[in-house]
Amino acid sequence: MALNLLPPAEIKLISFLDSTKSTRLPKLPGGFVLKRKDYGATFGRRVNCSAQPPPPAWPGRAVPELGRKTWDGPKPLSVVGSTGSIGTQTLDIVAENPDKFRIVALAAGSNVTLLADQVKTFKPQLVAVRNEALVNELKEALADCEHKPEIIPGEQGVIEVARHPEAVTVVTGIVGCAGLKPTVAAIEAGKDIALANKETLIAGGPFVLPLAHKHNVKILPADSEHSAIFQCIQGLPEGALRRILLTASGGAFRDWPVDKLKEAKVSDALKHPNWNMGKKITVDSATLFNKGLEVIEAHYLFGAEYDDIEIIIHPQSIIHSMVETQDSSVLAQLGWPDMRLPILYTLSWPDRIYCSEITWPRLDLCKLGSLTFKTPDNVKYPSMDLAYAAGRAGGTMTGVLSAANEKAVEMFIDEKIGYLDIFKVVELTCDKHQAELVTSPSLEEIVHYDLWARDYAASLHHSSSLMPVPA
């Protein structure tokens, strides 16, 4: 039975989002009080954060360095997470452009059947399978393979793939904090990063960004929104970026009234109006936590202040994001929703590679007819205030926010908590973490608090104060 974490109607929002103002705040069903967009009053600005913020990956502009190319022939790539969505799409791009890219190393988790097929097709020198128990199965699948790569099992194998000596760029498609150590290894080895692992910056930004600058490594965003921003800042002069506008589909509940959300079931949250995705990202789209996390990532990537990053609901999902320059011009990147495009740009930057109309349909604005926009409702999407507050706190708080959300979504999908409880689990976990916030964490501290947040969030539905969700 799902459980209700929402407090009684008389209980105000806890201190993580406590406001110093006495203004009466709107309430979600069940008495969940949530302030509107008043980020200046959140604890993130009241915490004494003495540490300097990490340097952004791209300080509001993207200018390629002259003479950076250091390879002959097709660009050598390593792919970490080769059997996942990002990995398989990356390999589709490589297959279509063998004169531009080649694979030198692949790492996967447990899908050895697909990994073996990839090895036979792309002939990498090194392969890793994280699940060590499957190494013999992989060897058997490759028994008739003429080109047999070196196989290194476990996490160490994944790290070796990430820092393969021939790789110029490493595609980081592995999910969660498991992607942090391989990414750090790749950076320390001087590899550019095609970034598809959100935790690298959301949890690891304070550690990863200084490291990338130290090793003169470029972090190239592979998700569509940040790729759009990256494309829009090409060639901007220093100091030209004024504002970032992140577009969001609005998810499954964009047309639901707020008072109906207390009735939301898992099946409702998984009905994305635009496309089919995995359960986790579809729920994140419904709650808008995906966009809140992207705000944090945009801050780390481009150095924009949180006051200068805005979220806009754009139901058609054609404009992937926009930037405003100091003279009030707005630059947008448009295209069909297709993850291959931002992945391709991370691999080819600063070049542009021709794509055939057969496999890459061209955008027809006349066929679309219209593009629409609206302001997101902070009451419907409490995730926005939580994400901005965590971002302003910085340090380990952003990783705790992400990990707590991941666990809360898992509990919601398993019907252990209700839909609105996702926000409360995240809020309670972040509030608990305030006393232990580390502003300049080590890699070990980042991983520690990621695990802590998951455990703490999981413990909340066992609380004696919880009540069953009404039938």
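**Entry: a helix across two strands**

I began with helix H12 in this predicted model. H12 lies across strands S11 (241-248) and S12. I looked up its direction too: H12 runs at about 150° to S11.

**Entry: the sheet around S11 and S12**

Next I followed the strands. In what order do the four strands of the open sheet come? I read the order as S12-S11-S13-S14, with mixed pairing. S12 and S14 (330-334) stand at the edges. Each has a single partner strand, so one side of each is left without a neighbour in the sheet. I noted the turn between neighbouring strands of this sheet as well: 20° on average, with direction ignored.

Then I took one pairing by itself. S13 (residues 319-325) and S14 pair in the antiparallel sense. Five bridges hold that pairing in my notes. I picked out Ile-319 and found its bridge partner in S14, which is Leu-334.

**Entry: strand S4**

I moved to another strand, S4 (residues 75-80). Is S4 enclosed or open? Six of its six residues are buried, so S4 is largely enclosed by the rest of the structure.

I checked which way the residues point. Lys-75, Leu-77 and Val-79 point one way from S4. Pro-76, Ser-78 and Val-80 point the other way. All of them are buried. I recalled the general rule here: in a regular strand the side chains alternate between the two faces of the sheet.

S4 also has a partner. Six bridges join S4 to strand S5 (residues 101-108), and the two run parallel. Val-80 stands opposite Ala-107 in S5.

**Entry: aromatic pairs**

I turned to the rings. How many aromatic pairs does the structure hold? I found twelve. I looked up the pair Tyr-306 and Tyr-388. Their ring centres are 6.2 Å apart and their planes stand at 70°, so the pair is edge-to-face. The cut-off I needed is that planes over 60 degrees apart count as edge-to-face.

This pair links distant parts of the chain. Tyr-306 is in the loop between H12 (289-302) and S12 (309-313). Tyr-388 is in helix H15 (residues 383-393). The two are 82 residues apart. Are these tyrosines, Tyr-306 and Tyr-388, buried or exposed? Tyr-306 has 5% relative accessibility, so Tyr-306 counts as buried. Tyr-388 is buried too, with a relative accessible area of 1%.

My next pair was Phe-412 and Tyr-419. The ring centres lie 5.8 Å apart with planes at 65°, so this pair is edge-to-face. Phe-412 and Tyr-419 are both buried. They belong to a cluster linked by ring pairs: Phe-253, Trp-256, Phe-289, Phe-412, Tyr-419 and Phe-423.

**Entry: charges over rings**

I stayed with Trp-256 for a moment. The charged end of Lys-260 sits over the ring of Trp-256, 4.2 Å from its centre. I noted another case at Trp-360. Arg-340 lies over the face of Trp-360, at 4.2 Å from the ring centre.

**Entry: helix H6 and Leu-443**

I then looked at helix H6 (residues 180-188). Seven of its nine residues are buried, and H6 is mostly covered. Among the buried residues are Leu-180, Val-184 and Ile-187. Just after H6 comes Gly-190, which takes a positive phi of about 85°.

Leu-180 led me to Leu-443, in helix H18 (residues 443-459). Leu-443 is buried, with a relative accessible area of 10%. How many residues apart in sequence are Leu-443 and Leu-180? They are 263 residues apart in sequence, yet 8.3 Å apart in space, C-alpha to C-alpha. I left aside neighbours within four places in sequence and listed the contacts of Leu-443: Leu-180, Lys-181, Val-184 and Phe-207.

**Entry: Ile-417**

One loop residue went into my notes. Ile-417 lies in the loop between helix H16 (397-413) and helix H17 (421-433). Ile-417 has 2% relative accessibility, so Ile-417 counts as buried. Ile-417 and Leu-460 are 43 residues apart along the chain, and their C-alpha atoms are separated by 9.7 Å.

**Entry: the whole protein**

Last, I stepped back. The protein has 18 helices and 15 strands. Of its 471 residues, 56% count as buried. It exposes about 20,100 Å², and carbon and sulfur atoms supply 51% of that. I also looked up contacts between residues at least 6 apart in sequence: 73% of these join residues at least 24 apart.

Terms used:
Residues are numbered from 1 along each chain as its sequence is written. This is a predicted model: local features need pLDDT of at least 70, side-chain atom pairs count only at pLDDT 80 or more; totals for chains, interfaces and linings use all residues. Side-chain values use heavy atoms; hydrogens and water are left out. Buried means under 20% relative accessible area, exposed over 50%, partly exposed in between (1.4 Å probe, protein chains only). Rings of Phe, Tyr and Trp (its six-membered ring) pair if their centres lie within 6.5 Å; planes under 30 degrees apart count as stacked, over 60 as edge-to-face and the rest as tilted. A charge sits over a ring if NZ of Lys or CZ of Arg is within 6 Å of the ring centre and within 35 degrees of the ring normal. Two strands pair if DSSP finds at least two bridges between them. Axes are lines fitted to C-alpha atoms, for helices over the stretch in contact, and angles run from 0 to 180 degrees between N-to-C directions. Contact means heavy atoms within 4.5 Å. Accessible areas come from the Shrake-Rupley method with a 1.4 Å probe; for residues, only the protein chains shown count as cover.
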